[in-house]
Amino acid sequence: MSEPQPLSAGHVLEYTYKRSVGPVLGRFFTSLRDGKIEGVKTRAGRVLVPPMEHDPETGEATSDDWVEVGPGGTVTTWAWVAEPRDQHPLDRPFAFALVRLDGADTAMLHAVDAGSESAMRTGMRVRARFADAPTGGIKDLACFTPEDAE
Amino acid sequence: MSEEQKTVKAIDGPTRLEYRYSPGRASTRFLRGMEQKKILGQKCVGCGRVYVPPRGACARCGLPTEEEVEVQDTGTIVTFTIVRVPSQNIEIELPYCAASILLDGADIPFTALLRDVPVETVRLGMRVQGVWKPDAELGPSFDNIDHFTALDEPDVPFEKFQEHL
Ligand SMILES: [Zn+2]
């Protein structure tokens, strides 16, 4: 029998989960929606951003002491994404970076819209850019941009 | 603004995987047949079982299923379930019957939707027939048989299909 060309088609497997965020990230996302970045203090006084329910060093519950951080910050390490994919935070080449916000003791993973890889370096100063239409999630912080570009 | 709207309690976190799926040679022939309202199975040279849809090899013998056979769009319900719980993305009116149907000429049943039959009357051995989509909507898809419906024929005794569950 003659063999037809094997067929091929797109197939999407998607689970439309809704994730409960808990009280600590709930407050973090609520503040983000209002254009503020907040961290939480550990019992030892370190400021965690993003905030956590427990101090990763001791396992102790974090305090109820919240502090506003940023919107400026420093890139502590980064990787350039030359060909962004559909689910990436930006539709043009960007850097995934760890950003330590001013006033924070930990760094947060986010996107830096630097235009080109040559504009990126460890230690560079960046500033948060908020989304135009916040929805209550990490995407309310649209990305970071180089501070000297502003 | 209510308290609910004030505090973020949950975020959307979908898990999404985008595949490019190829059914392979055997199922491609089956799907091309479906375009012409022909149901093509494949027969095992070892045990003689007819697989619909064909996968290219016999699950029992491990042999390639090279002989192509056309089977009928009529068949027998070999097992079934009544669905009374709604699911996201399934917009069929409840309750409905999902039946495992053994087509005449095939040895392996497959699951399909049974319609236009009161769910209380569905039983093992019931005779059914595929209802095809309009010709203009036919494509290389199993969905060309929109659903199955009851045939006015005597039930098949259990002994006749017990090897095909
Ligand atoms: Zn076999």
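Biologist: Quick one: is B:Cys47 buried or exposed, or something in between?

Modeller: In this predicted model, B:Cys47 is partly exposed, because its relative accessible area is 34%, and partly exposed covers the range between under 20% and over 50%.

Biologist: And B:Cys44, buried or exposed?

Modeller: B:Cys44 is buried, with a relative accessible area of 2%.

Biologist: Which residues are the protein donors of the zinc ion?

Modeller: Those two cysteines are among them: the donors are the SG atoms of B:Cys44, B:Cys47, B:Cys58 and B:Cys61, lying 2.3 Å from the zinc ion. Along the chain they follow the spacing C-x2-C-x10-C-x2-C.

Biologist: Why is the arrangement around the zinc ion called tetrahedral?

Modeller: Because the 4 donor atoms subtend angles of 108 to 111°, and the cut-off asks for all angles between 85 and 135 degrees.

Biologist: Switching to pockets. What volume does the largest pocket have?

Modeller: About 910 Å³. Of its 32 lining residues, the closest to the centre are A:Gly137, A:Ile138, A:Lys139, B:Ile11 and B:Asp12.

Biologist: Which elements supply at least two residues of that lining?

Modeller: From chain A, strand 2 (18-20), helix 1 (22-33), strand 8 (108-112) and strand 10 (141-146); from chain B, strand 1 (10-12) and strand 2 (15-21). By class, the lining has 17 nonpolar, 8 polar and 7 charged residues.

Biologist: How much space lies in the second largest pocket?

Modeller: About 230 Å³. Its lining includes B:Asn89, B:Tyr96, B:Leu113 and B:Asp146, and strand 7 (96-103) and strand 8 (110-114) of chain B each give two or more residues.

Biologist: How many of its lining residues are nonpolar?

Modeller: There are 6 nonpolar residues, along with 1 polar and 2 charged.

Notes: Residues are numbered from 1 along each chain as its sequence is written. Chains are lettered from A and ligands numbered from 1 in the order in which they are written. This is a predicted model: local features need pLDDT of at least 70, side-chain atom pairs count only at pLDDT 80 or more; totals for chains, interfaces and linings use all residues. Side-chain values use heavy atoms; hydrogens and water are left out. Donors are N, O and S atoms within 2.8 Å of the metal (3.2 Å for Na, K and Ca); water is not among the atoms, so sites may look incomplete. Four donors count as tetrahedral if all angles lie between 85 and 135 degrees; four count as square planar and six as octahedral if opposite donors are over 155 degrees apart and all others between 65 and 115; anything else is irregular. Buried means under 20% relative accessible area, exposed over 50%, partly exposed in between (1.4 Å probe, protein chains only). On a 1 Å grid over the protein atoms alone, a cavity is a set of points where a 1.4 Å probe fits but cannot get out, and a pocket is an open set with protein on both sides within 12 Å along at least five of seven lines; lining residues have an atom within 4 Å of a point. Grid points are joined across faces, edges and corners, and a volume is the space filled by probe spheres set on the points. Helices (H or I, at least four residues) and strands (E, at least two) are DSSP runs, numbered from the N terminus. Ala, Val, Leu, Ile, Met, Phe, Trp, Tyr, Cys and Pro count as nonpolar, Asp, Glu, Lys and Arg as charged, and the others, Gly among them, as polar.
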